[in-house]
Number of protein chains: 2
Amino acid sequence: MDDDVPLILTLDDTGSSASAPLDDLEREELPNENGGSYDVISDASSPAAGDCCVQQGSARHNWEMNYQEAAIYLQEGENNDKFFTHPKNAKALSAYLFAHNHLFYLMELSTALLLLLLSLCEAPAVPMLRLGIFVHATLELFALIVVVFELSMKMRWLGFQTFIRHKRTMVKTCVLFVQFIEAIVVLVRQTSHVRITRALRCIFLVDCRYCGAVRRNLRQIFQSLPPFIDILLLLLFFMVIFAILGFYLFSPNHSDPYFNTLENSLVNLFVLLTTSNFPDVMMPSYARNPWSCVFFIVYLSIELYFIMNLLLAVVFDTFNDIEKRKFKSLLLHKRTAIQHAYRLLITRQRPSGISFKHFEGLLRFYKPRMCARERYLTFKALNQSNTPLVSLKDFYNFYEVVGLKWKVRKTKSELPRTAFVIFKGINILVKSRVFQYTMYTVVAVNGIWILVETFMLQGGNFFSRNVPWSYIVFLTIYGVELLLKTTGLGPVEYLSSGWNLFDFSVTLFAFLGLMALAFNMEPFYFIVVLRPLQLLRLFKLKKRYRNVLDTMFELFPRMASLGLTLLIFYYCFAIVGMEFFAGVVYPNCCNTSTVADSYRWVNHTVGNKTVVEEGYYYLNNFDNILNSFVTLFELTVVNDWYIIMEGVTSQTTHWSRLYFMIFYIVTMVVMTIIVAFILDAFVFRMNYTRKNQDSEEDNGIVLEKEISKEEVVGIMELYRRSSAATETAQLQKIVLQMDKYGQMSTLFLGRRSRTKSDLSMKMYEEEIQEWYEEHSRKEESQVPSQEPASASNSSLKPLSLRQRSHTVI
Amino acid sequence: MDDDVPLILTLDDTGSSASAPLDDLEREELPNENGGSYDVISDASSPAAGDCCVQQGSARHNWEMNYQEAAIYLQEGENNDKFFTHPKNAKALSAYLFAHNHLFYLMELSTALLLLLLSLCEAPAVPMLRLGIFVHATLELFALIVVVFELSMKMRWLGFQTFIRHKRTMVKTCVLFVQFIEAIVVLVRQTSHVRITRALRCIFLVDCRYCGAVRRNLRQIFQSLPPFIDILLLLLFFMVIFAILGFYLFSPNHSDPYFNTLENSLVNLFVLLTTSNFPDVMMPSYARNPWSCVFFIVYLSIELYFIMNLLLAVVFDTFNDIEKRKFKSLLLHKRTAIQHAYRLLITRQRPSGISFKHFEGLLRFYKPRMCARERYLTFKALNQSNTPLVSLKDFYNFYEVVGLKWKVRKTKSELPRTAFVIFKGINILVKSRVFQYTMYTVVAVNGIWILVETFMLQGGNFFSRNVPWSYIVFLTIYGVELLLKTTGLGPVEYLSSGWNLFDFSVTLFAFLGLMALAFNMEPFYFIVVLRPLQLLRLFKLKKRYRNVLDTMFELFPRMASLGLTLLIFYYCFAIVGMEFFAGVVYPNCCNTSTVADSYRWVNHTVGNKTVVEEGYYYLNNFDNILNSFVTLFELTVVNDWYIIMEGVTSQTTHWSRLYFMIFYIVTMVVMTIIVAFILDAFVFRMNYTRKNQDSEEDNGIVLEKEISKEEVVGIMELYRRSSAATETAQLQKIVLQMDKYGQMSTLFLGRRSRTKSDLSMKMYEEEIQEWYEEHSRKEESQVPSQEPASASNSSLKPLSLRQRSHTVI
């Protein structure tokens, strides 16, 4: 609602109209209705380039407020928080600050996890973790009260109006309400009723700050749904047609149990969609008339090989499109955030840029952990022009630069001569091709050795007391290699490579395994089994594998969040499954159904031996949440899922099938999204590699900045005046270091790993400029016509606090 | 080898240097070593714009040769035949002409099919088609002799040198040789030996002219193989690691038959890759220790959900890349072909373009069926400038224009007034939204009706003697609709839409079904069953479905060729399977194996009833080629494939598993390619739609050209002088038509359906220009340095016949 207050101030981001008077005088004249504690007066100070005069208390205080608000804007930009949730007054600000730190986030997360984990101990509980109803209901109530507290903080920060308009929060409130009532009912009745609503507990987890990626995934899934559903309908439509056809064709055959009614026909063709009953469903009719296979071949060709792939194509296409649009909107959101922050940091006297003093003030709030040196380096890295001010254009790179980790570039070794030669020698040796390929050969030989050894074993007790000599030999070689590499490259450089880290941990595991063998610690034997993982090193040999594995590591966070999203769906279905199907399946439960064999458990005597005939499928039940998860995983893998479905159905009603079918469709959606994601990520990455074949070798973003001694002394002076002792001491150390080596300046390297966003930036380079232009054009068109036509094309909306507090309150 | 003869002639395609002397005088001076019958003298005539003078016999003859060679070049461009197979002399030309017509192609195809179909009648034959050894061996010999004849024609055309260098032909020759010997051996011994080489018979089909698409698919599959194999190795590598791990972890459990040896462990994890044995393989260990499910979950997550998708991503990416490169090379190949043809059609006096006379000569050879009017319209459509000559730049559009079908655009109805009003009224009615939606409602009601009806039936004899009245009612409605549409739109326009054609045929089928019911013709009852297909019409309602179905139709030829490629793989495997596993599987064959139940066939008596317990899997055998195909299809669908594998393995040796595993991997390759193809095609199409949202509605390429009466008379004159009576008569008719309606000109519409190539042209618009430039630059760089620097940038290599015959012979 505040986004469209009229524009009263325009700034020229190029700095060319620095002499133009600013129109925000009126802001100053507005009385501060909130007690002056959260006030924005951006022009109260009298800054000069590199200035360092001690400011008056109130002016300084106001600057601090500006810094804080700018930092909040930048955080909102980074986290993709909408600006209408921006704190509007002092009370809101304190609530905002309270609700935006890791302590609060952790509380949020642990409450959500507690609520989710409660299902381990509730009614159909895991045997070992069973708790009394009184205990778990009290725990639940406690967790719910914490959630109430969290929500009230959020309400304080957002205000009632915004709170109500925020959909996710409203849903959460409703769920909370329902849960509360149910928990009290349970406590009063001292018995659990059918609490399907427990499935909604996931929402507390999804709403956590740390689960932003999950929320994004869910949004993406819901956005991909409309085209998905369209194609799904096509799929189901063909299914119905074929079901009618199949019923007409095969029901006269009385030995065919799959098509005797229309319902059976439908169910079996649905299962056939998953291929899970394939040759079986065809067999009775095939045995009678060989040509009936045509029906099944046509059905599978259309449904499985065509429409299912179509589904993937449509989702993939939508996914692609959404990814790009999401990237665009995130980029523009960040840009707007930067504009807002910039507005709060420039002074009236020098509207063409931000001085270091103010930039430093911002960083104090935005990244409190950053040391003085890094702050200055970030400022220098941003500042493209050689003026002492950072212009808006430079400031736009804020997010790219602020993540850099700065390090002094080593110019000279500090070691004595002979030691240096030895280390250098080892370094050369370790980096040589001969050494590397020797190691690969060793690993390959080891691999073959393990394979042959295992093949020769053929059962028996292979965890013999005496450690095999081959194990020791290979481990020694790996140990020597590890030692050589660590000394040759230095431990820091050695461990900075993911591959070396992998080598290190595998060798460590092998060593632990040896210990376990030597000291006969049985529970750790499984470590020995991890030996073959050494072989993974062989995949460094080929570029494609390196590429694949690098991409895999890059994708890992995203994959994990997708996995978590899947788990959340699992949780919902597990709760529902437990409420309806707990204890339904047991050995020999389904002797009347078609899948009786799979549930059989017979203990009969043949001759003088007892033979146990086990179908094992009774293990795939919903008796507690862990079992449910395993069962749901089996349903996800799809193979033979109909046995589980039929087993449960035979013990309950026909309508149980709905649960399984819906689960199949939901996992199909999620799995298709996962496939689309992997496809998209890899194809994107490969296109990127193809496009930037030259710059492909570097692994990360690297920036170089030189700082002269005078600069350091200058900043030190600045800090000293604002009496920041620790910062001054830090900088003093740099000066001393420089003096020691007689340098006039030090070269710093800023480094960070490349993210998907960086790749996208490069891929869409041309389009991004168009987006920016379009964006600023749109903003301009929102500006009322009383604005002078000469307004710069990056005009900013005045979203500063005072303005808003004036309009809202 | 001829591609790099020195350039002796350059042409300026812009026509600006028309006055520059041509350097091909020396061509004329070369003596004709081949008896003058296949001679190229491109400047012997004295053409003028619209000239029509009767030429001297010899000059004319030479022009005919040029026309023919130009037409051959254009055909080679279209069919992507390499230019080094271009006929080099008169003998080669006659062989070329003999081997390049549909009669020859059909012979090729039918011989190949005969050879393939022989396997229906050979040793493990389909019972009904069994033939004596003498009969089928003689048939085979006969077919092989025909192939020899074909090959000798090809050799005549290509010459021995080129013939040997042509890989595919050489492979074919070798296979032919082997087949010949084997056929004779069979004939002599009067008994079939293990003839695995029969699997190679496919090559005769692949080499057919009509199977170009299959060859392209195979090439694409082989090109996608290297990255595929890389990822496959990764997959197998993880499989081996997990097999060792699984063996160590689960072999102490003696009730677990899946991991008791390393071999079993490997095989079961391979099967698990296909999920085919999923919950079962986990169950024994899961029953003992619930945490062992982690092993399987991790394995499946890595292998199935990650690496398998990676496989798809890599293949998809490679496929994308190959598609683009293929399009590029095809485009450039066509361009070169057009350049060659152009060189042969221009005259010395007017080197800036092709006159209609020569263009007409070309078309007479290139498209003999085209009528005079169409030839002239094609010429006009090509000619962008208003000169009487088609320049090279215009001529580049040859392939796009030559496929157009030309029709007179109707300007006035020829009907009397009242009839016209009625038809117009029906037309408006039929095209109205109300009518369409009424029909959709009817179809929907019909669908629900059928569903309810079928549901109520529940078995019993539903083909009752009396036709249900609903059937008649709906059929009447559809009939009326069909009638209205045909009269309203006119039969031609009605049937020109694919959807209407579909409506028509479904209604026709329904009518036939009614007849079958009414006259009680039992074998045709299945037609009744096709009624629900009417419901497909509902998918016209939504744009996405129309898009999907349109794309489906566009893709159909390509899909069919992919299916054929798959069938060829099936054939190879079927032959090998039959040679090794025919008769191996029968009821109760595998009672000692783990899959005994599936092969059981017991006929036991319970009480006084005979109960047949059938496992049916013995039906999935390799006893004849049709059974083998069904079995292979079941293996392709993957579910429960291990039952077939284990059944066969238990009757033969362990090594049989190799056959099934290799088949799985091969089908995985082909299926992945199919998925990649569908993905690529749909994503491409959707991108295209997004890019051209405005021009999306038109369905095809449409061109408009006006011809004035004078022009027609002019061409008529031209034909009359060359005494072409039929053409003159055709044109006469047009003139009469114009006279009748008093028009001075007639508007013609050229129309053809859009192909993938058209879409690609539009998608890669910008890149295509780059390709052209790069291509002509490359050609230039191949030109020896003695060329003047001012040579135009579309310099042509002189690939004309005489030049080559001079260098080769």
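1. A:N80 counts as partly exposed, with a relative accessibility of 26%. The residue belongs to the loop of chain A that runs between α2 (57–79) and α3 (90–99). Although A:N80 is not a glycine, its phi is positive, at about 60 degrees. In general, most residues other than glycine have a negative phi. The reader should keep in mind throughout that this is a predicted model.

2. A second backbone angle of this kind deserves mention, in chain B. B:T275, which is not a glycine either, has a positive phi of about 60 degrees. It is placed in the loop between α9 (262–273) and α10 of chain B. Is B:T275 buried or exposed? Its relative accessible area is 12%, and because buried means under 20%, B:T275 counts as buried.

3. The overall make-up of chain A may be stated briefly. Chain A contains 30 helices and five strands. Of its 809 residues, 52% are buried. When contacts in chain A between residues at least 6 apart in sequence are considered, 74% of them join residues at least 24 apart.

4. A:N66 offers an example of a buried polar side chain contact in chain A. The residue is part of helix α2 of chain A, and its relative accessibility of 0% makes it buried. Which backbone oxygen does the side chain of A:N66 reach? The partner is the backbone oxygen of A:L344, at 2.8 Å.

5. The salt bridges form a further topic. Side chains of opposite charge can pair when their charged atoms come close. Over all chains, a search of the whole structure finds 44 salt bridges. One of them joins A:R198 to A:E579, with 2.8 Å between the closest N and O atoms. This pair links distant parts of the chain, 381 residues apart: A:R198 lies in the loop between α6 (167–189) and α7 (202–206) of chain A, and A:E579 lies in helix α21 (residues 543–581) of chain A. A:R198 is buried, its relative accessible area being 2%.

6. Chain B has a salt bridge between B:R198 and B:E579, whose closest N and O atoms are 2.7 Å apart. Here too the partners come from distant parts of the chain, 381 residues apart, with B:R198 in the loop between α6 (167–189) and α7 (202–206) of chain B and B:E579 in helix α21 of chain B. B:R198 has a relative accessible area of 3% and is buried.

7. Another salt bridge in chain B is that of B:R558 with B:E323, where the closest N and O atoms are 3.6 Å apart. It connects helix α21 of chain B, which holds B:R558, with helix α11 of chain B, which holds B:E323, across 235 residues of the chain. Both B:R558 and B:E323 are buried. In chain A, salt bridges with shared partners join A:E122, A:E140, A:E182, A:R195, A:R198, A:R201 and A:E579 into one network.

8. B:M763 belongs to helix α28 (residues 756–763) of chain B. With a relative accessible area of 16%, B:M763 is buried. Leaving aside residues up to four places away in sequence, B:M763 touches B:F684, B:N687, B:Y688 and B:K691. The C-alpha atoms of B:M763 and B:R195, by contrast, are separated by 49 Å, and the two residues are 568 residues apart along the chain.

9. How many residues does each chain bring to the contact between chain B and chain A? Chain B supplies 88 residues and chain A supplies 88 residues. The size of an interface is often given as the accessible area lost when the parts come together. The area buried between chain B and chain A is about 8,600 Å², and carbon and sulfur atoms give 75% of it. The rule finds zero salt bridges across this interface, but 10 residue pairs in polar contact, both residues at pLDDT 80 or more. On the side of chain B that touches chain A, the elements giving two or more residues include α8 (212–250), α11 (293–345), α21 (543–581) and α25 (656–691) of chain B. By class, that side has 61 nonpolar, 16 polar and 11 charged residues.

10. The last point concerns symmetry. A turn of 180 degrees with a shift of 0.0 Å along the axis lays chain B on chain A with an RMSD of 0.1 Å. This is the relation of a two-fold axis. B:N639 is the residue of chain B that comes closest to the rotation axis, at 3.7 Å (C-alpha). Of the interface residues of chain B, 100% are also interface residues in chain A, so the copies meet through the same surface.

Technical notes. Residues are numbered from 1 along each chain as its sequence is written. Chains are lettered from A and ligands numbered from 1 in the order in which they are written. This is a predicted model: local features need pLDDT of at least 70, side-chain atom pairs count only at pLDDT 80 or more; totals for chains, interfaces and linings use all residues. Side-chain values use heavy atoms; hydrogens and water are left out. Contact means heavy atoms within 4.5 Å. Buried area is the accessible area (1.4 Å probe) that two parts lose on being put together, summed over both. A salt bridge is a side-chain nitrogen of Lys or Arg within 4 Å of a carboxyl oxygen of Asp or Glu. A polar contact is a pair of N or O atoms within 3.5 Å; within protein, one must be able to donate a hydrogen and the other to accept it, and residues adjacent in sequence count only if both atoms are side-chain atoms. Helices (H or I, at least four residues) and strands (E, at least two) are DSSP runs, numbered from the N terminus. Ala, Val, Leu, Ile, Met, Phe, Trp, Tyr, Cys and Pro count as nonpolar, Asp, Glu, Lys and Arg as charged, and the others, Gly among them, as polar. Copies are superposed by least squares on the C-alpha atoms of residues with pLDDT of at least 70 in both. Buried means under 20% relative accessible area, exposed over 50%, partly exposed in between (1.4 Å probe, protein chains only).
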